[in-house]
Amino acid sequence: MFLHLGADTVIQTDHILGIFDLDTTTVQKSSREYLNLAEKAGRVVNVSPFELPKSFVVTKEEETIIVYLSQLSSNTLLGRLNSGTFSV
C-alpha cells in the first residue's frame, strides 16, 4: 500500500518507521539535532516547498533512512494511513 504525503509524493507504507508532528517533536533538542543531521546528510525531502511543513515521516528504503517533510498534519497522515484514504 502507499500513503500520499502531499503534492505529488507517495511512499510505501511498509517503509514508514514513524510519523511525527513538527511542533511537538522539535521542542526536544535531540529531535532538532536528528533533523539537522538528516538534512546535512542529504536525506531530507521537502514534499511541499511552498508551504510550511507540519509533520515529518521517517522511512527506511533499502537500508537508507529518508525524512519527508509534509505540509499535512501528523493526524491527517495517520488518519489516511489507518483508514486507507488516499492509499492504494
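**Reading a predicted model, from helix α2 outward**

Modeller: Let's start with the face of α2 turned away from its buried side, which carries the exposed residues K29, L37 and K40. Please keep in mind that this is a predicted model.

Colleague: Happy to start there. What makes K29 count as exposed?

Modeller: Exposed means over 50% relative accessible area. K29 has 55%, so K29 counts as exposed.

Colleague: And which residues of α2 are buried?

Modeller: S31, L35 and A38 are the ones.

Colleague: How do you know that they are on the same side of α2?

Modeller: Their arc around the axis is only 65°, and therefore they are placed on the same side of α2. As a general point, an α-helix has 3.6 residues a turn, so residues three or four places apart point the same way.

Colleague: What covers the buried residues of α2?

Modeller: The cover includes α1 (22-25), β4 (44-46), β5 and β6.

Colleague: How do you know that the span of α2 agrees with what it should be?

Modeller: The expected span is 1.5 Å times one less than the number of residues. For the 12 residues of α2 this gives 16 Å, and the end C-alpha atoms are 16 Å apart, so the two agree. After α2 comes G42, with a positive phi near 75°.

Colleague: Why is the pair K29 and E33 called a salt bridge?

Modeller: The rule asks for a side-chain nitrogen of Lys or Arg within 4 Å of a carboxyl oxygen of Asp or Glu. The N to O distance between K29 and E33 is 3.8 Å, which meets the rule. They are four residues apart in helix α2 (residues 29-40), which means about one helical turn separates them. Its partner E33 is partly exposed, at 40% relative accessibility.

Colleague: How many salt bridges does the rule give?

Modeller: The count comes to two. E63 and K60 form one of them, with their closest N and O atoms 3.6 Å apart; that value also falls within 4 Å. Here E63 is exposed at 68%, while K60 is partly exposed at 36%.

Colleague: What makes the phi of E63 worth a look?

Modeller: In general, most residues other than glycine have a negative phi. E63 is not a glycine, yet its phi is positive, about 70°. E63 is found in the loop between β5 and β6.

Colleague: Where is A7, and what is its phi?

Modeller: A7 is in the loop between β1 and β2 (9-12). Its phi is near 50°, again a positive value in a residue other than glycine.

Colleague: Why is A7 called partly exposed?

Modeller: Partly exposed lies between 20% and 50%. A7 has 47%, so the label fits.

Colleague: Let's go inside. What makes T59 buried?

Modeller: Buried means under 20%. T59 has a relative accessible area of 0%, and so T59 is buried. Its place is in strand β5 (residues 55-61). Beyond its neighbours within four places in sequence, T59 touches residues including I11, H15, T64 and Y68.

Colleague: Why is the pair T59 and E61 called a polar contact?

Modeller: The N or O atoms must be within 3.5 Å. The side chains of T59 and E61 are joined at 3.2 Å, which satisfies that limit.

Colleague: Which residues make up the largest nonpolar core?

Modeller: There are 11 in all: L3, L5, I11, I16, I19, V47, V57, I66, Y68, L72 and L77. At least two residues of this core come from each of β1 (2-6), β3 (16-21) and β6 (64-70). Apart from this core lies another, of seven residues, including L22, A38, V58 and V67.

Colleague: How do you know that the buried residues of α3 are on the same side?

Modeller: The buried residues in helix α3 (residues 74-83) are S74, L77 and R80. They cover an arc of only 130° around the axis, so they are put on the same side of α3. These residues pack against β1, β3, β5 and β6. On the face turned away from the buried side, α3 carries the exposed residues N75, N82 and S83.

Notes. Residues numbered from 1 in each chain as written. Predicted model: local features only at pLDDT ≥ 70, side-chain atom pairs only at ≥ 80, totals over all residues. Heavy atoms only, no water. Core = buried A, V, L, I, M, F, W, Y, C linked by side-chain atoms within 4.5 Å. Buried < 20%, exposed > 50% of the residue type's maximum accessible area, 1.4 Å probe, protein only. Polar contact = N/O pair within 3.5 Å; in protein donor to acceptor, adjacent residues only side chain to side chain. Contact = heavy atoms within 4.5 Å. Arc of directions from axis to C-beta.
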